[in-house]
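Visitor: I am new to this structure and should like to be guided through it. May we proceed by question and answer?

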Amino acid sequence: MQTVLFHDTVFGPIHSRRLGTSLGINLLPDDGKICSFDCLYCEAGFNAQGTGTTGFPSREKVKADLETKLTAMKQAGDNLDVITFSGNGEPTIHPDFEGIIDDTIALRDKYYPNVKISVLTNSTRLVSPGVIRALNKVDNNILKLDSAIPDTMVALDRPNNPLFTVDKAIKGIAQFGKKAIVQTMFCRGEHGDKTIDNTTEREVKALIDAYRHISPGQIMIYSIDRKTPAEHLSKVSRDELENIAERITTETGIPVSVA
């Protein structure tokens, strides 16, 4: 089974296709995966690998590790564009997520005041008041919406909670308005007995309708860049992504970036 896990709470910096030079923060175990989705394309592998043994890092550990790293980078004169919460699953699951965001903002302001703070979230926790407050504090509130068609979302993202729906995702994202950055992964292929393709006319039209309803400040679209745990998925070409992006902007007026 494919597992590409981050084994540190603070990792990098690495180059992000979408965000630039990024220092990552993993709020999940460093030897397992915890996520409310089980996406076919997740680079960390499927949830079946298990949650590991180390549990969530404490708020105090996250703060200490981040300050140690930022101090070393500042002393070395290293460039940094963004601090990004991603890691081995869904970061907003962490019970001290809001407090950790507050600590991160304070450390950013102390060491790299011009750096952005980004959170990559799958949009499943947008009913939690603490999560909502925290996401409203960060610079880049990046929220997943891979499909606006229920069957495709279930097949591609595989939510753990059967009560989670596309409508709930769209409603949750829409509450942020222009503060939201919607992120969509485009891919196609097969898994088990299901054929998946969120680039079809029906899929793109449904996404455009959802984007229009949400009215975010920005949309990010991208495709597979590394090996995926579901072996029969294929990458959508840059040219095709550019065509989809142009259509989205033409029909919604919302800026779209392609990575």
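Visitor: In which strand does P13 lie?
Guide: This is a predicted model, and P13 is joined to G12 by a cis peptide bond with omega of about 10°. Most peptide bonds are trans. The strand in which P13 lies, residues 10–16, is β1.

Visitor: How many disulfides does a search of the whole structure find?
Guide: A disulfide requires two cysteine sulfur atoms within 2.5 Å. The sulfur of C35 has its closest cysteine sulfur in C39, at 6.3 Å, which is too far for a bond. The sulfur of C187 is likewise too far from its closest cysteine sulfur, in C39, at 9.3 Å. For the whole structure, the search finds a number of disulfides equal to 0.

Visitor: Is C187 buried or exposed?
Guide: A residue counts as buried under 20% relative accessible area. C35, at 15% relative accessibility, meets that limit. C187 has 0% relative accessibility, and therefore it counts as buried.

Visitor: How many residues of strand β6 are buried?
Guide: Strand β6 covers residues 180–191 and is mostly covered. Of its 12 residues, the number buried is 9.

Visitor: Which residue of β6 is the bridge partner of L143?
Guide: Strand β5, residues 140–144, pairs with β6 in the parallel sense over 4 bridges. The bridge partner of L143 in β6 is V182.

Visitor: Which residue of β8 does F186 stand opposite?
Guide: Strand β8, residues 218–223, runs parallel to β6, and 6 bridges join them. In β8, F186 stands opposite S223.

Visitor: What is the bridge partner of C187 in β9?
Guide: Strand β9, residues 233–235, runs antiparallel to β6, and the two are joined by 3 bridges. In β9, the partner of C187 is K235.

Visitor: In the hairpin of β6 and β7, which residue takes a positive phi near 60°?
Guide: Strand β7, residues 194–197, is antiparallel to β6 and joined to it by 4 bridges. One pair of bridge partners is H191 and, in β7, K194. The hairpin has 2 residues between the strands, and the residue with the positive phi is G192.

Visitor: How far does helix α6 reach from its first C-alpha to its last?
Guide: Helix α6 spans residues 201–214 and has 14 residues. At 1.5 Å a residue, the expected reach is 20 Å. The reach in the model is close to that expectation, at 20 Å.

Visitor: What covers the buried residues of α6?
Guide: The buried residues of α6 are E203, V204, A206, L207, I208, A210, Y211 and I214. Their cover includes strands β6, β7 and β8. It also includes the helices α4 (150–157), α5 (166–174) and α7 (238–252).

Visitor: Where is S215 found?
Guide: S215 follows α6. It has a positive phi of about 55° although it is not a glycine, and with a relative accessible area of 27% it is partly exposed. The place of S215 is the loop between α6 and β8.

Visitor: What is the place of R158?
Guide: Most residues other than glycine have a negative phi. R158 is not a glycine, yet its phi is positive, about 50°. At 25% relative accessibility, R158 counts as partly exposed. Its place is the loop between α4 and α5.

Visitor: Which residues does V138 touch, not counting residues up to four places away in sequence?
Guide: V138 is found in the loop between α3 (129–137) and β5. At 1% relative accessibility, V138 counts as buried. With residues up to four places away in sequence left out, V138 touches I101, I117, V119 and K179.

Visitor: Which residues touch the most other members of the largest nonpolar core?
Guide: In soluble globular proteins, nonpolar side chains tend to be buried together. Here the largest nonpolar core has 77 residues, and its largest share, 7 residues, comes from α6. The members that touch the most others are L70, L145 and I221.

Visitor: Which residues does a second, separate core include?
Guide: This core is separate from the largest one and has 5 residues. Among them are V82, I142, I181 and M220.

Key: Residues are numbered from 1 along each chain as its sequence is written. This is a predicted model: local features need pLDDT of at least 70, side-chain atom pairs count only at pLDDT 80 or more; totals for chains, interfaces and linings use all residues. Side-chain values use heavy atoms; hydrogens and water are left out. Buried means under 20% relative accessible area, exposed over 50%, partly exposed in between (1.4 Å probe, protein chains only). Two strands pair if DSSP finds at least two bridges between them. The expected span of a helix is 1.5 Å times one less than its number of residues. Contact means heavy atoms within 4.5 Å. A nonpolar core is a set of buried Ala, Val, Leu, Ile, Met, Phe, Trp, Tyr and Cys residues joined through side-chain atoms within 4.5 Å.
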